[in-house]
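Trainee: Could you take me slowly through one helix of this structure? I would like to see which way its residues face and what it meets elsewhere in the chain.

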Amino acid sequence: MALALDSLAQGKPIAYPAKGQSAQQQQRDDGECYSWAKSSTGIDPAAVASAAPPPSTGPAVGGGERVGGAARGAAGGAVIGAIAGDAGKGAAIGAVTGTMVGGHRARQNRRAQDANAQAQTQGAIDTYYRAYGACMEGRGYTIR
């Protein structure tokens, strides 16, 4: 959530009065442009930031990658172990190795999902800020 709020704060355009607008007028225009951009885009940056899922933490367990890796490793290890004379030992070694490989895959998949969610959130906020900036420019502000 902190990451989403950081990107929210970094991306908000800054409006400078270009036609001598007062602070009160700028505040009123800001509120009206916030509402207009929200209704035009269907995006509320505060809601998007608070709804953004936090990055995943803890062990990667999703998708069954570890179980699948263990099964494939055990099967391959049993074949190699049978050739070497001890299928059981080969299967055990293969299962451990497969579990580790499956865990690596699970972590990669989780990182990809987190990055995708963050990109979607940032894209929605960027769309809103483009609309907000256009509104403020139309009211005589310079946007940076």
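Trainee: Let's look closely at helix α2: which of its residues are exposed on the other side, away from its buried ones?

Mentor: Good choice! Keep in mind that this is a predicted model. The mean pLDDT of the chain is 75, and 55% of the residues reach 70 or more. Over residues 1-9 the pLDDT stays under 50, and the model has 12 contacts there beyond four places in sequence.

Now to your question. The exposed residues on that other side of α2 are Gln24, Gln27 and Ser39. To make sense of "other side", look at the residues that are hidden. Asp29, Cys33 and Ala37 are the buried residues of α2. Looking down the axis of α2, you find these buried residues within an arc of 65 degrees, so they line one face of the helix. Gln24, Gln27 and Ser39 lie on the other side from that face.

Next, the helix itself. Helix α2 runs over residues 23-41, which is 19 residues, and at 1.5 Å a residue it should span 27 Å. Its end C-alpha atoms are 26 Å apart, which agrees with that expectation. After α2 comes Gly42, which has a positive phi, near 75 degrees.

It helps to place α2 in the whole chain. The secondary structure comes to five helices and two strands. Following the sequence, you meet them in the pattern α-β-α-α-α-α-β. Of the 144 residues in the chain, 31% are buried.

Now pick out Cys33, one of the buried residues of α2. What does it pair with? Cys33 forms a disulfide with Cys135, with the two sulfur atoms 2.1 Å apart. The torsion about their S-S bond is about -75 degrees, so this disulfide is left-handed. Cys33 sits in helix α2 while Cys135 sits in helix α5 (residues 87-138), so the pair ties together parts that are 102 residues apart in sequence. Cys33 and Cys135 are both buried, and the structure holds one disulfide. If the term is new to you, a disulfide is a covalent bond between the sulfur atoms of two cysteines.

Beside Cys33 in the sequence comes Tyr34, which takes us to the aromatic rings. A pair of aromatic rings is described by the distance of the centres and the angle of the planes. The structure holds three aromatic pairs. In the pair of Tyr34 and Tyr128, the ring centres are 5.8 Å apart and the planes stand at 70 degrees, so the pair is edge-to-face. Here too distant parts of the chain are linked: Tyr34 belongs to helix α2 and Tyr128 to helix α5, 94 residues apart.

How hidden are these two? Tyr34 has a relative accessible area of 29%, so it counts as partly exposed. Tyr128 has a relative accessible area of 1%, so it is buried. Tyr128 also pairs with Tyr132: the ring centres are 6.3 Å apart and the planes are at 20 degrees, so this pair is stacked. Tyr128 and Tyr132 are four residues apart in helix α5, which means that about one helical turn separates them. Tyr132 is buried as well, with a relative accessible area of 3%. Put together, Tyr34, Tyr128, Tyr129 and Tyr132 form one aromatic cluster.

Finally, look just ahead of α2. Lys19 lies in the loop between β1 (15-17) and α2, and at 69% relative accessibility it counts as exposed. Lys19 and Arg139 are 120 residues apart in sequence, while their C-alpha atoms are 9.0 Å apart in space. Further back, Ile14 has its place in the loop between α1 (2-11) and β1, and with 45% relative accessibility it is partly exposed. From Ile14 to Met136 there are 122 residues in sequence and 9.6 Å in space, C-alpha to C-alpha. Beyond its neighbours within four places in sequence, Ile14 is in contact with Thr142, Ile143 and Arg144. Over the chain, among contacts between residues at least 6 apart in sequence, 79% join residues at least 24 apart.

So here is your helix: α2 has one face lined by its buried residues, with Gln24, Gln27 and Ser39 exposed on the other side. Cys33 is bonded to Cys135, and Tyr34 is part of the aromatic cluster.

Note on methods: Residues numbered from 1 in each chain as written. Predicted model: local features only at pLDDT ≥ 70, side-chain atom pairs only at ≥ 80, totals over all residues. Heavy atoms only, no water. pLDDT = per-residue confidence, 0-100. Contact = heavy atoms within 4.5 Å. Expected span 1.5 Å × (residues − 1). Buried < 20%, exposed > 50% of the residue type's maximum accessible area, 1.4 Å probe, protein only. Arc of directions from axis to C-beta. Disulfide = S-S within 2.5 Å. Phe/Tyr/Trp six-rings, centres within 6.5 Å; stacked < 30°, edge-to-face > 60°.
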